[in-house]
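Work through the exercises below with the model open beside you. Try each task before reading its solution.

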Amino acid sequence: MTIDRHVTGRGLAKDLGQWRIAPGGTAYVELAERIKLLVLDGRLPLHTRMPAERELAAALQLSRTTVAAGYELLREGGFVRSRRGSGSWTTLPDGPATRDLSAFAPAGDGTAIDLAYAALPAPPEQFTAAMAVAGTLLPRYATGNGYTLLGLDSLRDAVAARFTRRGLPTERSQILITGGGQQAIALTLNTLLSPGDRVLVEHPTYPNALDAVRGAHARSVPVGFPATGWDLTTMAAAVRDAAPRLIFVIPDFHNPTGRCMDATQRAELVALGRRTHTPLLIDETMTETALDGEPPTPFAAYGASASLSSDSGSAPVITVGSASKTFWGGIRVGWVRASRQMIERIARTKASVDISSSVLDQLVATHLMGDIDSVLATRLPALRHTRAHLRGLVERRLPDWRANEPPGGLSLWVDLGSPVSSALVSAASQHGVMLAAGPRFGLDGAFERYLRLPFTLPDTGLDKAIERLATAWLALPSTGPDWAPAEVA
Ligand SMILES: Cc1ncc(COP(=O)(O)O)c(C=O)c1O
């Protein structure tokens, strides 16, 4: 086995972010728990050489005995291995096969409540109808070879028609169908980036996009959010200073904050991309979850002067979208919208990993696109209701927390009032509620004060989840009355 990277004491302290140690001699347990979460989240990759105990102790201002005990606990749990002369490195209890997958595992035993995903079940009526139609159409396709690199014409047309209807004239040739929005992001990054490139990202952002940036051997340059809207001044400064190859933004009901960018900022961001020749990768996965009004005009409409066939001269706006939030994550259908030339480049990348998306899934998605008004007519009122219900529950049962009121999306972004999100998520899992901790949405251990709370369950599920969360919260040592902060820089 090769140990291909290492983390310094200061680097690990930074990844651990702001954290607090409860009094009573459990510092090493908390240290081990937090390092374990970093490994499970993939924020501390496997086979990373850990800092020497003395170095980490100095960086965290802890005793060496505390760090040694923490490392011992990690060794016992199978998260660290050590060898005399070679130091210690990160591992997983069941070996490399389980790498990073804990975040994707279904909340298994049937009693756990899964709020780690912000996603809905399929709309039952429309989904059954779409399956029936797909079933009757499929035999026609089955006489051919079944390969559709760019996607089925009928689905490309349906996606193009939706863009057009929302205010951005679009043709079939500008659409590439992918196996979900995540694949659309990864393919675009892998088409445009070279190893070592930088990508400007919002901070917080959608965590699997951060993983995709890492997967393309590029680095994320994070820009935080101001009190409202987007911080375009800092984005412009970051473009100047870091010269990113690409800007990745989720302007519609941003995951996890739920924010929606206004028209003025959209125009400004397009202008920034043009001025600096920096392509914009715009993630519109959440677009159809507008809860307080019409879905926003597609972002690319603000940069529509780029020609249909090429991006000659100006920086392109590349849009990715998905059927997952509008219909169901179980049909793996997403798309890229760009100039014809860019679509062809990204399709060549797709061919290297996936030479066709599933015809059956595409047929189902085509029919659902035709039924979108009826799906949204039931889905959006139900989401408005669960958003209000969850906010009410938080207000009553967890009054120290501050939940936002997002204009769309599928989750609340909650300020916990203290940097305990990872500890809470760890405790909540013991009570049968699976959640994604705030730092999952950021870099360097940021967002420990925040928790994403999806409102994707019916009232009874949310009632039960908040009941269990409130129990976990009260049992956290760091929320008790005699708790004293011991923050680590
Ligand atoms: C902002 C954002 N982009 C992309 C995706 C990927 O969606 P999928 O690959 O299921 O289409 C998600 C899923 O949660 C998301 O929230």
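**Exercise 1. Two histidines in loops**

H217 sits in the loop between α8 and β8 (219-224). Helices here are DSSP runs of H or I with at least four residues, strands are runs of E with at least two, and both are numbered from the N terminus. The model is predicted, so local features need pLDDT of at least 70 and side-chain atom pairs pLDDT 80 or more, while totals for chains, interfaces and linings use all residues. Residues are numbered from 1 along each chain as its sequence is written, and side-chain values use heavy atoms, with hydrogens and water left out.

Task: find the sign of phi at H217 and at H277, then decide whether each residue is buried or exposed.

Solution.
- Step 1. Take the backbone of H217. Its phi is positive, about 60°, although the residue is not a glycine.
- Step 2. Check its cover. H217 counts as exposed because its relative accessibility is 57%. The scale is: buried under 20% relative accessible area, exposed over 50%, partly exposed in between, with a 1.4 Å probe and protein chains only.
- Step 3. Move to H277, in the loop between α10 and β10 (280-283). This residue is not a glycine either, and its phi is positive at about 55°.
- Step 4. H277 has 55% relative accessibility, so it counts as exposed.

**Exercise 2. Cis peptide bonds**

Task: state which residue precedes P204 and which precedes P256 at a cis peptide bond, and place both prolines.

Solution.
- Step 1. The bond from H203 to P204 is cis, with omega near 10°.
- Step 2. P204 belongs to the loop between β7 (198-203) and α8 (207-215).
- Step 3. N255 and P256 are also joined by a cis peptide bond, with omega about 15°.
- Step 4. P256 falls in the loop between β9 (246-249) and α10 (263-276).

**Exercise 3. The ligand site**

Task: describe the shell around the ligand, then list polar contacts made by G181, S322 and K325.

Solution.
- Step 1. Count the shell. The ligand is surrounded by 13 residues, and the closest are G181, D283, S322, S324 and K325. A residue is near the ligand if one of its heavy atoms lies within 4 Å of it.
- Step 2. Sort by class. The shell holds 3 nonpolar, 7 polar and 3 charged residues. Ala, Val, Leu, Ile, Met, Phe, Trp, Tyr, Cys and Pro count as nonpolar, Asp, Glu, Lys and Arg as charged, and the others, Gly among them, as polar.
- Step 3. Look at ligand oxygen atoms. G181 places a backbone N or O atom 2.6 Å from one. S322 brings a polar side-chain atom to 2.6 Å from a ligand oxygen. For K325, a polar side-chain atom lies 2.7 Å from a ligand oxygen. The limit for a polar contact is a pair of N or O atoms within 3.5 Å; within protein, one must be able to donate a hydrogen and the other to accept it, and residues adjacent in sequence count only if both atoms are side-chain atoms.
- Step 4. Add the cover. Alone, the ligand exposes 400 Å², and the protein buries 91% of that. These areas come from the Shrake-Rupley method with a 1.4 Å probe.

**Exercise 4. The largest cavity**

Task: give the volume of the largest cavity and say which element gives the most to its lining.

Solution.
- Step 1. Search the whole structure. There are 3 cavities of 30 Å³ or more. A cavity is a set of points, on a 1 Å grid over the protein atoms alone, where a 1.4 Å probe fits but cannot get out; lining residues have an atom within 4 Å of a point.
- Step 2. The largest has a volume of about 160 Å³. Volume is the space filled by probe spheres set on the points, with grid points joined across faces, edges and corners.
- Step 3. Its lining has 17 residues, and R162, R166, E284, E288 and W335 are the closest to the centre.
- Step 4. α6 (153-165) and β11 (317-322) each supply at least two lining residues. β11 gives the most, with 4 residues.

**Exercise 5. A loop threonine**

Task: locate T170 and name its side-chain partner.

Solution.
- Step 1. T170 is in the loop between α6 and β6 (175-178).
- Step 2. T170 is buried, because its relative accessible area is 10%.
- Step 3. The side chains of T170 and R337 share a polar contact of 2.9 Å.

Methods
On a 1 Å grid over the protein atoms alone, a cavity is a set of points where a 1.4 Å probe fits but cannot get out, and a pocket is an open set with protein on both sides within 12 Å along at least five of seven lines; lining residues have an atom within 4 Å of a point.
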